[in-house]
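Take a look at the chain below. This report goes through its ring contacts, strands, turns and a pocket.

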Amino acid sequence: MPVEITWWGHATSTMEDSNIRVLTDPLFARRLAHLRRRRGALPPPVAWRADLTLVSHLHADHLHVPSLARLAPGTRVLVPRGAPRAVPALRRLTHLDLAEVVPGDETSVGDLRVRVVSARHDGRRLPFGPHRSPALGYVLEGEARTYFAGDTGLFDAMAEEVGPVDVALLPVGGWGPHLGEGHLDAERAAQALARLAPRSAVPVHYGTYWPIGLDGVRPHEFHAPGDDFVRHAAALAPQVDVHRLGHGESVRLEVAR
């Protein structure tokens, strides 16, 4: 059975495996504070449908309460431990089946197993308050083993903690002219790819949102990360098939196990 991945923009994607639809970091807004969606149509209502939703960390472009509110009643949502304390608005989403998780936790939905892994990223709900929650990645194990990295920097134990995977969804950019600590740019994402050695990779977290009024400031950082990742991956991990998707595009991957 093929595994299908659809990229809706930024870190939002849908992965279909073992007849389970998994949604990552849903962000369905045209504008978020100082950010404006500059490329790709807003995800259509079909993107709101999921059996399981994964939230990688508390930053508002990854944990977006209005987008989570659109999910159907009973949708299971995994969030970093402490998220409802740091983001009280989550407590109002009583129609969702919310579960707080930390690295090492495992859960199953149907025939799909989900393993929570760590990420190297600031887990605070900036700019509000001191409460910290861990930034997370997730490994889905069904017909394929798929790694959703969330937002992370490169770290020594990444390959060991993630384990063997068939597909990796890796962040390759950001939403502003500069990337701070705890991020992967296109080259560092290719280095991660070389360590993880999956069969296939899909770049995410680039080319969607950009600060209002900064269109002319380092536009390369908005337009180029996807192509740069393809180029660096070809040099550092030539055995990996890289699928650079457009917004709303899907890829079906046949996984031989």
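Three aromatic pairs are counted in this structure, which is a predicted model. In general, an aromatic pair is described by two things: how far apart the ring centres are and the angle between the planes. Take W7 and Y206. Their ring centres lie 5.2 Å apart and their planes meet at 10 degrees, so this pair is stacked. Stacked needs an angle under 30 degrees. W7 belongs to strand β1, while Y206 is in the loop between β14 (200–204) and β15 (209–211), so the pair ties together parts that are 199 residues apart in sequence. W7 and Y206 are both buried.

Now W210 and F222. Here the centres are 5.5 Å apart and the planes stand at 70 degrees, so the pair is edge-to-face. Strand β15 holds W210 and helix α5 holds F222, so this pair links parts that are 12 residues apart in sequence. W210 and F222 are buried too.

**Charges over rings**

F222 has another partner. The charged end of R38 sits over the ring of F222, 4.8 Å from its centre. A second arginine, R120, lies over the face of F155, at 4.1 Å from the ring centre.

The table lists these ring contacts.

| Residues | Kind of contact | Distance |
|---|---|---|
| W7 and Y206 | stacked rings | 5.2 Å between centres |
| W210 and F222 | edge-to-face rings | 5.5 Å between centres |
| R38 and F222 | charge over ring | 4.8 Å from the ring centre |
| R120 and F155 | charge over ring | 4.1 Å from the ring centre |

**Strand β1 and its partners**

Back to the strand that carries W7. Is β1 (3–9) enclosed or open to the outside? Seven of the seven residues of β1 are buried, so the rest of the structure largely encloses this strand. β1 pairs with β17 (residues 249–253) in the antiparallel sense, over five bridges. One bridge there joins T6 to S250 in β17. β1 also runs antiparallel to β2, again with five bridges. Across from W7 in β2 stands S13. So W7 has a ring partner in Y206 and faces S13 in the neighbouring strand.

**Two turns with positive phi**

β1 and β2 form a hairpin, with two residues between them. H10 sits in that loop, between β1 (3–9) and β2 (12–17). What is the phi of H10? It is positive, about 55 degrees, although H10 is not a glycine. As a general rule, most residues other than glycine have a negative phi. H10 is buried, with a relative accessible area of 1%.

S18 tells a similar story. S18 is in the loop between β2 and β3 (20–24). Its phi is also positive, near 55 degrees, and S18 is not a glycine either. S18 counts as buried because its relative accessibility is 12%, and buried means under 20%.

**A sheet of three strands**

β15, the strand of W210, is also part of an open sheet. The sheet has three strands in the order β4-β5-β15, and the pairing is antiparallel. Which strands form the edges? They are β4 (31–32) and β15, each of which pairs on one side only. Three bridges join β5 (residues 35–37) to β15 in the antiparallel sense. In this pairing, R37 stands opposite Y209 of β15.

**An exposed arginine**

Not every residue here is hidden. R92 is exposed, with a relative accessible area of 65%. R92 is found in the loop between α2 (83–86) and β8 (97–101). A69 is 23 residues away from R92 along the chain, and the C-alpha atoms of these two are separated by 9.0 Å.

**The second largest pocket**

In general, empty space can be found by rolling a probe the size of a water molecule over the atoms. The second largest pocket holds about 200 Å³ of space. Its lining has 15 residues, and V172, L179, D185, A186 and E221 lie nearest the centre. Three helices, α4 (186–196), α5 (220–223) and α6 (225–236), each supply at least two residues of the lining. Which helix gives the most? It is α6, with three residues. What about chemistry? The lining divides evenly: five nonpolar residues, five polar and five charged.

Notes:
Residues are numbered from 1 along each chain as its sequence is written. This is a predicted model: local features need pLDDT of at least 70, side-chain atom pairs count only at pLDDT 80 or more; totals for chains, interfaces and linings use all residues. Side-chain values use heavy atoms; hydrogens and water are left out. On a 1 Å grid over the protein atoms alone, a cavity is a set of points where a 1.4 Å probe fits but cannot get out, and a pocket is an open set with protein on both sides within 12 Å along at least five of seven lines; lining residues have an atom within 4 Å of a point. Grid points are joined across faces, edges and corners, and a volume is the space filled by probe spheres set on the points. Helices (H or I, at least four residues) and strands (E, at least two) are DSSP runs, numbered from the N terminus. Ala, Val, Leu, Ile, Met, Phe, Trp, Tyr, Cys and Pro count as nonpolar, Asp, Glu, Lys and Arg as charged, and the others, Gly among them, as polar. Buried means under 20% relative accessible area, exposed over 50%, partly exposed in between (1.4 Å probe, protein chains only). Rings of Phe, Tyr and Trp (its six-membered ring) pair if their centres lie within 6.5 Å; planes under 30 degrees apart count as stacked, over 60 as edge-to-face and the rest as tilted. A charge sits over a ring if NZ of Lys or CZ of Arg is within 6 Å of the ring centre and within 35 degrees of the ring normal. Two strands pair if DSSP finds at least two bridges between them.
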